[in-house]
Amino acid sequence: MRNERSSEDVALGIRRRVFEHAMRNNGGYLSQACSAGEQLAWLYNEELNLGPPTLPPIPEPFGGVPSAGNPGYHTGAGYNGPAEPGYDRLFIAPAHYALVAYATLIEVGRMAPEGLDMFNKDGSSVEMIGAEHSPGMEVHNGTLGIGLSTAAGLAWGRARKGEPGRTWVFMSDGEVQEGQTWEAVQACAHHGIDNLYAIMDVNAQQCDGAMDSVMEVGDIRQKFLTFGAACVEIDGHDLGAMRDAVREPHEGRPLIILAHTSPFHTMSILQERFPRLHYVRFKSEDERARMNASIAADLGVEPINYTH
């Protein structure tokens, strides 16, 4: 599937959907839409080689866990198309980006807009924190650093079977505070796993605040190079830079793209809350109204009528 819209337009559509959802629900993952809009738009709209979705446009309710008595169990990866040898696979490592991922699926025509009405509802597969049954999700990752190692195992297996499809990971910078991330890179370098690609949203914030206030991580690029990856740093809002970065030679090594971003890009009023931007819950009706007017102006839409 290839979308006829530009990735710039898809990124704007992602932010508008997340903004509307947050206003109607008195909060949401606004900053993740700000920082990751271009990255997810680029992946789904341009870079990934994905087949047509294998799951219905409107997500089905939670179907239970895998078991012998549940033969119809499936993951949410069907929204990324079939898991066939020639297609790419995508792991979304920070599961709290789920709302942004769902908005992306809608913008590129892989999920119906009605799917967002099911967000965080009892019995729904459209989870607030994406799980393996949630649209676009292949496994349950969270931000505990397991996304890259899970993908590395799949990439290694695919290479051993001679499958031409690549394995991609969308990551966040909080994951470099986890040792498993570095073990994964080291293992990839040792085994020569070069069909693994990752783009990391480096927005300098995490659940507990600014990255440096929780744990300083130093020169991330140099660390990735030392552990054996090929690593490129770019402006994470520059689509042209992404297109160039993915062409970096990396024979025998995984490729990591560090996409430096702003968590209030295109929603300038969020800077008032930085670095406490992990989840924006409006503190008062006055703040909600101010953010509604300001962000709507930034995104070129009318303020959301959230009283209905």
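"Buried" here means under 20% relative accessible area. Keep that in mind as you click around this predicted model.

Start by selecting helix 1, residues 7-24. Helix 1 has 18 residues and reaches 26 Å from its first C-alpha to its last, close to the 26 Å expected at 1.5 Å a residue. Now colour its buried residues: Ser7, Val10, Ala11, Gly13, Ile14, Arg15, Val18, Phe19, His21, Ala22 and Met23.

What covers them? Bring up strand 1 (27-28), helix 2 (30-47), helix 3 (98-107), helix 8 (239-245) and helix 9, which are included in the cover over those buried residues.

Next, keep helix 1 on screen and add helix 9, residues 285-299. The two axes come within 11 Å and cross at roughly 165°. Angles over 145 degrees count as roughly antiparallel, so helix 1 and helix 9 are roughly antiparallel to each other. Their crossing is left-handed.

Show side chains for the contact. From helix 1, pick Leu12, Arg15, Arg16, Phe19, Met23 and Arg24; these meet Arg288, Met291, Asn292, Ile295, Ala296 and Leu299 in helix 9. Sorted by class, that contact has seven nonpolar, one polar and four charged residues. Arg15, Phe19 and Met23 are among the helix 1 residues in this contact, and they are also on the buried list.

Just after helix 1, stop at asparagine 26, which takes a positive phi of about 60°.

For the last stop, jump to tryptophan 168 in strand 3 (residues 167-172). Buried or exposed? Tryptophan 168 counts as buried, because its relative accessibility is 0%. Draw a distance from its C-alpha to that of glutamate 287: the two are 119 residues apart along the chain and separated by 38 Å.

Methods
Residues numbered from 1 in each chain as written. Predicted model: local features only at pLDDT ≥ 70, side-chain atom pairs only at ≥ 80, totals over all residues. Heavy atoms only, no water. Axes fitted to C-alpha atoms, helices over the stretch in contact; angles between N-to-C directions. Helix = DSSP H or I, 4+ residues; strand = E, 2+ residues; numbered from the N terminus. Parallel < 35°, antiparallel > 145°, perpendicular 65-115°, else oblique. Left-handed = near helix turned anticlockwise from the far one by under 90°. Contact = heavy atoms within 4.5 Å. Nonpolar A, V, L, I, M, F, W, Y, C, P; charged D, E, K, R; others polar. Buried < 20%, exposed > 50% of the residue type's maximum accessible area, 1.4 Å probe, protein only. Expected span 1.5 Å × (residues − 1).
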